[in-house]
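Q: Could you take a close look at one edge of the sheet for me, and then follow the chain outwards from there? I'd like a picture I can keep beside the coordinates.

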Amino acid sequence: MNRNTTPIPLEFDIIRTNKGFTMKGWDFNSFEIEKALANSRMLNPAFEIGGNLCPWDCFFCFSKDPEAAKDRNRVQDNEMTLEERLHLISQAKLLGTKSINIVGAGEPTIDPCFWEVLEHISSLGILPIVYSEGSCRLTKLDFVQRLYNLGATVVLKVNSLWNEKYQNAIMLSGKRKCNMPKVNYFQKRNQALKVLMDVGFNSHDPTRLAFDTIVCKENIGEIIRLYCFARESNIFPMLVNYLPSGPCSQPVQNAISREEQFSLFKELARIDREEYGLAHQSIFPYGGGLPCSIRGLGLYINVKGDVWDCPGQSRLIGNIREEPLESLWEKAAPFRKRFDGRCEPREIFWKKLRGK
């Protein structure tokens, strides 16, 4: 494959810092990335290999179908079967996959096949990265210990660590009030964080614990405090803005501007340089300077088998029920040619926000 001359960002080489600069499963250095790009290897895809069930209703969830809201949070007729999910994972292994981001469709940990999927991933020598809201299963010590023993990394939903009212409101922001859990999400999520830390997910280098935080107008005032807590606790702070997919395909009212986000990122870079000895640029989609390794080094496949260029869903490539993963991966070659660790879908979001 002919590559353009865009250099691989050197931030990929800041991986073993014991300060949560990256997480296990995203710790690819520039040499590994260049080699994967040259040999068309899929290092780090994102799969919805859990069902559609989730007890919460966050309006910005990118796995929601904005045209079929009534189908959200219930089993869909056309979800991948367990056999299809396991076969997908096996195909990914043949393409060189080192880690899989398990991003839903609903809450992965409550899927009836969760452990079968996790154990299959682990048995193939692939590292599972589990994105979770935390309150359903991660407060249970035996569940978390089993996750730890399988070598998983956990990405915990954290819109706020201190604003209970705001964090709880987020979970109901989609306005689906019926059949919602009668629990305080904020308190349960914080309990899950304690269990994860007690078990030792943040005791590794790179860390196996991350925060998934969307920066918006309501929480931007606490981001620096949250960021420093994460650095000092060896937790990867995955700070992002909205993805232009699902309900956020159109501009979101509480989104911060590109200028506000990059100003924040520059301040975080200053803190890293002066307080933690981490020198990096501040131009990437994740606060803290870490480039993206999914777009160009992976694909995004939803619960129905639809294959997209990445979770930003800017280009539909096909469906795994109609073509093998290998041929779909080859169709994504143009994204690998211009890989630079940045996030084209988020640039699209900001253009829409500016009305351009």
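A: Happy to. In this predicted model, Phe236, Met238 and Val240 point one way from strand β6, while Pro237 and Leu239 point the other way. In a regular strand the side chains alternate between the two faces of the sheet. Neither set is left open to the outside here: β6 covers residues 236-240, and five of its five residues are buried. For the chain as a whole, 60% of the 356 residues count as buried.

Now for the neighbour of this strand. Strand β5, residues 209-214, runs parallel to β6, and five bridges join the two. One of the pairings to look for is Ile214 with its bridge partner Val240 in β6. Between these two strands the chain passes through helix α7, residues 223-232, and the resulting β-α-β crossover is right-handed.

The loops around this unit are worth a stop. Just before β6, in the loop that follows α7, sits Asn234. Phi of Asn234 is near 55°, a positive value in a residue other than glycine. Asn234 counts as buried because its relative accessibility is 6%, which is under the 20% cut-off. On the other side of the strand, the loop between β6 and α8 (258-275) holds Ser257. Ser257 has a relative accessible area of 21%, so it is classed as partly exposed. The C-alpha atoms of Ser257 and Cys216 are 9.0 Å from each other, although 41 residues separate the two along the chain. Ahead of β5, the loop that comes from α6 (185-199) contains Pro206. The peptide bond from Asp205 to Pro206 is cis, with omega near 0°.

Stepping back, where does β6 stand in the sheet? The sheet is open and has nine strands, in the order β6-β5-β4-β3-β2-β1-β7-β8-β9, with mixed pairing. β6 is one of the two edge strands and β9 (316-319) is the other, each pairing on one side only. So the strand you asked about is an edge strand whose residues are nonetheless buried, each being under 20% relative accessible area. Further along the order, β1 and strand β7 (residues 300-301) run parallel and are joined by two bridges. There, Phe47 has Ile301 of β7 as its bridge partner. Altogether the chain has eleven helices and nine strands. Of the contacts between residues at least 6 apart in sequence, 75% join residues at least 24 apart.

β6 also takes part in enclosing space. A search of the whole structure turns up three cavities of 30 Å³ or more, and the largest has a volume of about 800 Å³. β6 supplies at least two residues of the lining of this largest cavity, as do β3, β4 (153-157), β5 and α11 (344-353). β4 gives the most, with three residues. Of the 43 lining residues, Cys61, Phe62, Val103, Tyr131 and Asp212 lie nearest the centre. By class, the lining has 27 nonpolar, seven polar and nine charged residues.

The second largest cavity holds about 80 Å³. Its lining is made up of Arg295, Phe335, Arg338, Phe339, Asp340, Gly341, Arg342 and Glu344. Five of these residues are charged, two are nonpolar and one is polar.

The largest pocket is another place to look. About 420 Å³ of space lies in it, and it is lined by 23 residues, with Phe28, Glu32, Leu43, Gly96 and Lys98 nearest its centre. Helix α1 (30-38) and strand β3 (127-132) each give at least two residues to this lining, and α1 has the largest share, with four. The pocket lining divides into eight nonpolar, eight polar and seven charged residues.

Two backbone details elsewhere round off the tour. Ser40 lies in the loop between α1 and β1 (46-47). Like Asn234, which has phi near 55°, Ser40 has a positive phi near 55° without being glycine. Ser40 counts as buried because its relative accessibility is 16%. The other detail is a cis peptide bond between Gly104 and Ala105, with omega about 20°. Ala105 belongs to the loop between β2 (99-102) and α3 (114-123).

Definitions and conventions: Residues are numbered from 1 along each chain as its sequence is written. This is a predicted model: local features need pLDDT of at least 70, side-chain atom pairs count only at pLDDT 80 or more; totals for chains, interfaces and linings use all residues. Side-chain values use heavy atoms; hydrogens and water are left out. On a 1 Å grid over the protein atoms alone, a cavity is a set of points where a 1.4 Å probe fits but cannot get out, and a pocket is an open set with protein on both sides within 12 Å along at least five of seven lines; lining residues have an atom within 4 Å of a point. Grid points are joined across faces, edges and corners, and a volume is the space filled by probe spheres set on the points. Ala, Val, Leu, Ile, Met, Phe, Trp, Tyr, Cys and Pro count as nonpolar, Asp, Glu, Lys and Arg as charged, and the others, Gly among them, as polar. Buried means under 20% relative accessible area, exposed over 50%, partly exposed in between (1.4 Å probe, protein chains only). Two strands pair if DSSP finds at least two bridges between them. A crossover is right-handed if, with the strands pointing away from the viewer, the path from the first strand over the helix to the second runs clockwise. Contact means heavy atoms within 4.5 Å.
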